[in-house]
Amino acid sequence: MCIFCDNPACSVGLHKASTFVVDFKVRTFVTELCDTKLVAKLACGDMVAIDAQYHAKCLAKLYKRAQLSRKGQIFFQKKCYTT
């Protein structure tokens, strides 16, 4: 099951979390996005230790959401603090 969408492997299959870099990025983005569902899933341990699996598209979607959120925050800060 994909840790992000809770769906089983599709024709593309699932990737297994094998580095702490992925775990660190996911935790950072999940915290920034206040995604309590994923925070709860990751509370048990790092993604490598809990044998987390994911669809590559789901991981990319999380990264994109975080990127858009950051851009929105930067835009908001510039608009509010520069006159």
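User: Is R65 buried or exposed?
Analyst: R65 is partly exposed, because its relative accessibility is 36%. This comes from a predicted model.

User: What does R65 pair with?
Analyst: R65 makes a salt bridge with D35, and their closest N and O atoms are 3.6 Å apart. R65 belongs to helix α3 and D35 to the loop between α1 and α2, so the bridge ties together parts 30 residues apart in sequence.

User: And D35, buried or exposed?
Analyst: D35 has a relative accessible area of 16%. Buried means under 20%, so D35 is buried.

User: How many salt bridges are there?
Analyst: The structure has five. One of them joins K41 to D6, with the closest N and O atoms 2.6 Å apart. K41 sits in helix α2 and D6 in the segment before β1, 35 residues apart.

User: Which residues form a network through shared partners?
Analyst: D6, K37 and K41 are joined into one network by salt bridges that share partners.

User: What about D51?
Analyst: The D51 side chain meets that of K16 in a salt bridge, at 3.8 Å from N to O. D51 is in the loop between α2 and β2 and K16 is in strand β1, so this pair also ties parts of the chain together, 35 residues apart in sequence.

User: Switching to cysteines. How many disulfides are there?
Analyst: Zero.

User: Why no bond for C2?
Analyst: The closest cysteine sulfur to that of C2 is in C5, 3.7 Å away, which is too far for a bond because a disulfide needs the sulfurs within 2.5 Å.

User: Which cysteine sulfur is closest to that of C5?
Analyst: The one in C58, at 3.7 Å, again too far for a bond.

Definitions and conventions. Residues are numbered from 1 along each chain as its sequence is written. This is a predicted model: local features need pLDDT of at least 70, side-chain atom pairs count only at pLDDT 80 or more; totals for chains, interfaces and linings use all residues. Side-chain values use heavy atoms; hydrogens and water are left out. A salt bridge is a side-chain nitrogen of Lys or Arg within 4 Å of a carboxyl oxygen of Asp or Glu. Helices (H or I, at least four residues) and strands (E, at least two) are DSSP runs, numbered from the N terminus. Buried means under 20% relative accessible area, exposed over 50%, partly exposed in between (1.4 Å probe, protein chains only).
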